[in-house]
Amino acid sequence: MIGGGARQRIAALSAASFAVALITVLVAVVPGYASPAAGNASPSIVVNTTLISSQDWVKVTFSNVPEDKRDHCWIGVYSPPNANVTAISPLFYPATAPWTATAAIKFQFCKADSNFISTGNGSYEFSLINMRSDVVFWLFFEGINKPKAITKTKPVSFTDTDEPRHITLALTGNPTEMRVTWNSASSSNALLVYGVEGTSQNHTVIPNTSTYTANDMCGNPAKTQGWRDPGYIHTAIITGLEPGVSKVWYQCQSKDRNSPYHTFKAAKGADPHASLRIVATADVGAKEEDNCHYHWETPDANLTYQHMINHGPSDVALHIGDIAYATGYSAKWDLFMTQASRLAASTPLMTALGNHEQDVPGQGGECAVPAITRFPMPTPGDQKKKLKLMLQAYQRDGWYSFDMGPVHFLVMDTELSCDPGSPQYAFFEKDLASVNRTATPWIVFAGHRPMYALEFVSILDPHFQWTWFSSDTLTISYELAQYTTGRADNLKNLELMMPRFMLALEMEE
């Protein structure tokens with residue numbers, strides 16, 4: 001038999017058990033209630049997949065963030081997975097937070113999930129592009145200025161890591177040729193395969209392959225926080241085309257992986273009676289599709305190249321400086337190239353160097369190396385020699401010209417000297433003197449910086465100090481039709497001559 005004292009103890013235990021059960025039920029049914037046990041759980045971050053293709057979406061879930069850490073919690077995207085996320089002191093312009101030793105490719109605040117602040121749990125979907133390496137997501141506390149790394153996800157890998165991408169076409173100055181440039185993770189077995197419609201023979205070209213390192217950069221953040229391995233850039237020239245007639249298919253290869261097939265039509269030669277469709281832009285940058293934050297955000301930049309594509313088939317595209325707005329952050333080049341190649345894989349894209357490509361020390365530190373390696377232009381001199389010297393002394397002769405249809409295009413490098421006596425000025429004089437105005441009656445001149453600051457009632461841009469432009473020596477002597485420029489975050493066309501010399505260009509701003 002159980003004594004009275006024992007029965008009282010059992011009754012007390014039963015009551016206590018009932019109370020615990022009641023509390024457990026309340027915890028389960030009261031929204032937003034956090035039990036002491038849950039509050040002590042370690043913060044965590046996980047992904048819904050670890051294998052994707054480029055531009056796929058990954059759902060990132062983060063949990064158990066303490067209440068006092070929620071306002072300044074953020075998720076950083078880093079690649080490669082061993083990127084150094086140690087906090088650093090803020091860097092000078094043009095560097096941007098988050099201040100980690102290796103820059104985040106992009107980031108998002110935890111409170112982007114509307115339920116996060118009240119629960120400490122949330123999720124966000126990220127779009128990832130193939131950057132030739134695995135990616136991890138880090139959970140940070142204490143904000144982006146004094147970040148504290150807490151924990152990270154498993155690495156996310158790509159099924160197409162070795163696939164050639166960032167494919168662009170460019171003119172060589174010879175209408176029987178077309179240059180093809182692409183990027184890949186490997187330097188091995190790179191090859192260009194192509195054929196011409198109406199023929200049964202396939203052709204192959206072994207490209208010139210190059211890369212650049214942090215030591216090729218000339219300053220910070222390009223040499224330090226913003227540095228990321230660019231992989232390898234391959235460039236090959238297709239020859240023997242019939243100008244304006246040959247229709248070409250081609251495929252890029254690298255490490256036995258193939259790109260999709262692309263097509264283009266051979267460039268038109270000089271012809272005063274030919275029609276010409278041109279799309280042009282300047283000061284573009286790139287935009288993350290998932291609305292994350294990133295270095296030098298440029299809202300809707302992704303729409304610029306889409307507008308040029310929507311404009312319909314064009315003979316040539318011009319990008320007159322300030323191309324990616326990378327300013328020392330290598331990942332921005334990957335983002336821009338992914339967006340631009342949608343157009344440039346089928347339409348030759350001709351670029352000019354702007355101040356945000358030159359990026360001298362104190363302004364990003366790229367000194368044009370990424371731009372000229374990714375976009376080889378038909379600049380003067382021995383091309384084979386330049387390919388060998390490009391990485392030791394960046395391509396200083398960033399000016400060039402070419403003919404297409406009724407137009408002679410002259411592109412300048414506004415970041416280098418163009419005063420009388422300079423190599424660039426000498427090139428302009430020689431080039432303009434040699435133009436056949438019967439074959440190409442129009443001359444279109446392009447450079448990144450405006451000759452005149454139109455916002456300030458035609459004040460001469462002080463960067464130039466052009467004696468020859470202020471006196472109109474060359475513009476009047478050679479009857480230039482139009483100067484196409486960027487720099488002021490849009491595209492401008494300055495009429496240099498009377499209306500009879502004007503060319504109607506179809507432009508995208």
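Trainee: Is Asp-283 buried or exposed in this model?

Mentor: Asp-283 counts as buried, since its relative accessibility is 10% and the cut-off for buried is under 20% relative accessible area. Bear in mind that this is a predicted model.

Trainee: Where does Asp-283 lie, and what is its phi?

Mentor: Asp-283 lies in the loop between E19 and H4, and its phi is positive, about 55°, although the residue is not a glycine. Most residues other than glycine have a negative phi.

Trainee: Which other non-glycine has a positive phi, say around Asn-64?

Mentor: Asn-64 itself has one, with a phi of about 60°, and this residue lies in the loop between strand E3 (56-63) and E4. Asn-64 is partly exposed, with a relative accessible area of 27%, whereas Asp-283 counts as buried.

Trainee: Back to E19, then. What kind of sheet is it in, and in what order do the strands come?

Mentor: Strand E19 belongs to an open sheet of 3 strands, ordered E19-E20-E21, with parallel pairing. Strand E19 (278-281) and strand E21 (349-352) are the edge strands, each of them pairing on one side only. On average, and ignoring direction, neighbouring strands of this sheet are turned by 15° against each other.

Trainee: How many bridges join E20 to E21?

Mentor: There are 4 bridges between strand E20 (residues 316-320) and E21, and the two run parallel. As one pairing to look up, Leu-318 has Met-350 in E21 as its bridge partner.

Trainee: And which helix packs on that sheet?

Mentor: Helix H4 (residues 302-310) does, touching E19, E20 and E21, and the direction of H4 makes about 170° with that of E19. The buried residues of H4 are Asn-302, Thr-304, Tyr-305 and Met-308, and they pack against E19, E20, E21 and also helix H5 (330-344). Just after H4 comes Gly-312, which takes a positive phi of about 105°.

Trainee: Switching topic: which residues does a cis peptide bond join between E4 and E5?

Mentor: A cis peptide bond joins Ser-79 and Pro-80, with omega about 0°, and Pro-80 is found in the loop between strand E4 (74-78) and strand E5 (106-109). Another cis peptide bond joins Tyr-93 and Pro-94, where omega is about 5°, and Pro-94 is also found in the loop between E4 and E5. Most peptide bonds are trans.

Trainee: What about H9, how far does that one reach?

Mentor: Helix H9 (residues 423-434) has 12 residues and reaches 17 Å from its first C-alpha to its last, which is close to the 16 Å expected at 1.5 Å a residue. Its buried residues are Gln-424, Tyr-425, Phe-427, Phe-428, Asp-431 and Leu-432. Seen down the axis of H9, these buried residues fall within an arc of 155°, so they line one face of the helix.

Trainee: Which exposed residues sit on the face turned away from that buried side?

Mentor: That face of H9 carries Pro-423, Lys-430, Ala-433 and Ser-434, which are exposed.

Trainee: Last one, zooming out: how many helices and strands are there in the protein chain?

Mentor: The secondary structure comes to 11 helices and 28 strands. Of the 509 residues in the protein chain, 52% are buried, and the accessible surface comes to about 22500 Å², with 54% of that belonging to carbon and sulfur atoms. If you count contacts between residues at least 6 apart in sequence, 69% of them join residues at least 24 apart.

Technical notes. Residues are numbered from 1 along each chain as its sequence is written. This is a predicted model: local features need pLDDT of at least 70, side-chain atom pairs count only at pLDDT 80 or more; totals for chains, interfaces and linings use all residues. Side-chain values use heavy atoms; hydrogens and water are left out. The expected span of a helix is 1.5 Å times one less than its number of residues. Buried means under 20% relative accessible area, exposed over 50%, partly exposed in between (1.4 Å probe, protein chains only). The arc is that of the directions from the helix axis to the C-beta atoms. Contact means heavy atoms within 4.5 Å. Accessible areas come from the Shrake-Rupley method with a 1.4 Å probe; for residues, only the protein chains shown count as cover. Two strands pair if DSSP finds at least two bridges between them. Axes are lines fitted to C-alpha atoms, for helices over the stretch in contact, and angles run from 0 to 180 degrees between N-to-C directions.
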